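Trainee: Please pick one part of this model and take me through it closely. Keep it brisk.

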Amino acid sequence: MRIGELARRSRLTAHTIRYYERIGLLPFVGRDASGHRDYDASILTWIGFLDRLKTTGMPIRTMLEYAALRQAGPATAPDRRLLLERHRVQVRAHVAALREALTVLDTKIAGYADTTEGMNDDDGPAEPDDGKPLRARRPRAR
């Protein structure tokens with residue numbers, strides 16, 4: 001398939017596909033007799049996996065590391081597994097933080113629904129219903 005069809009089917013732009021090729025995230029692709037890129041449909045599975053990694057917040061440099069290991073063949077399977085296991089730890093921590101933030105939002109929204117007067121206008125962080133204190137926020141270092 002040509003790059004336009006791959007872009008349509010993968011929901012990536014042709015520019016992004018070319019960029020991914022240039023940095024090594026997508027494997028080298030052959031060209032047809034007219035000189036156009038000729039992608040095999042199997043590339044969609046790889047692009048789908050890359051999209052999942054991106055959704056989980058994996059940095060491109062780590063995705064590139066994984067892609068290089070993948071390209072090196074089956075002997076790198078233990079290294080790829082370790083890379084994904086390390087990333088999974090980070091994803092689980094992020095999911096837990098999102099759940100905590102969602103609990104705060106739900107509590108705040110419920111507070112508005114339970115009163116005709118509304119909440120305080122300070123809109124500071126609400127305490128979750130489970131009685132656990134919120135984590136202290138640290139200012140970002142600059």
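Mentor: Trp-46, Phe-49 and Tyr-66 are linked into a cluster by ring pairs. The model is predicted: local features need pLDDT of at least 70, side-chain atom pairs pLDDT 80 or more, while totals for chains, interfaces and linings use all residues. Residues are numbered from 1 along each chain as its sequence is written, and side-chain values use heavy atoms, without hydrogens or water.

The whole structure holds 4 aromatic pairs (Phe, Tyr or six-membered Trp rings, centres within 6.5 Å; stacked under 30 degrees between planes, edge-to-face over 60, the rest tilted). Take Trp-46 and Tyr-66. Their ring centres are 6.1 Å apart and their planes meet at 15°, so this pair is stacked. Trp-46 sits in helix 3 and Tyr-66 in helix 4 (helices are DSSP H or I runs of at least four residues, numbered from the N terminus). The pair therefore ties together parts 20 residues apart in sequence.

Trp-46 is buried, at 5% relative accessible area (buried is under 20%, exposed over 50%, partly exposed in between; 1.4 Å probe, protein chains only). Tyr-66 is buried too, at 9%.

Tyr-66 also pairs with Phe-49. This pair is tilted, with 5.5 Å centre to centre and 45° between the planes. Phe-49 lies in helix 3, 17 residues from Tyr-66 in helix 4. Phe-49 is partly exposed, at 29% relative accessibility.

Now the surroundings. Helix 3 (43–55) and helix 4 (60–72) also have the buried residues of helix 5 packed against them (contact: heavy atoms within 4.5 Å). Among those buried residues are Leu-83, His-87 and Val-104.

Terms used
Helix = DSSP H or I, 4+ residues; strand = E, 2+ residues; numbered from the N terminus.
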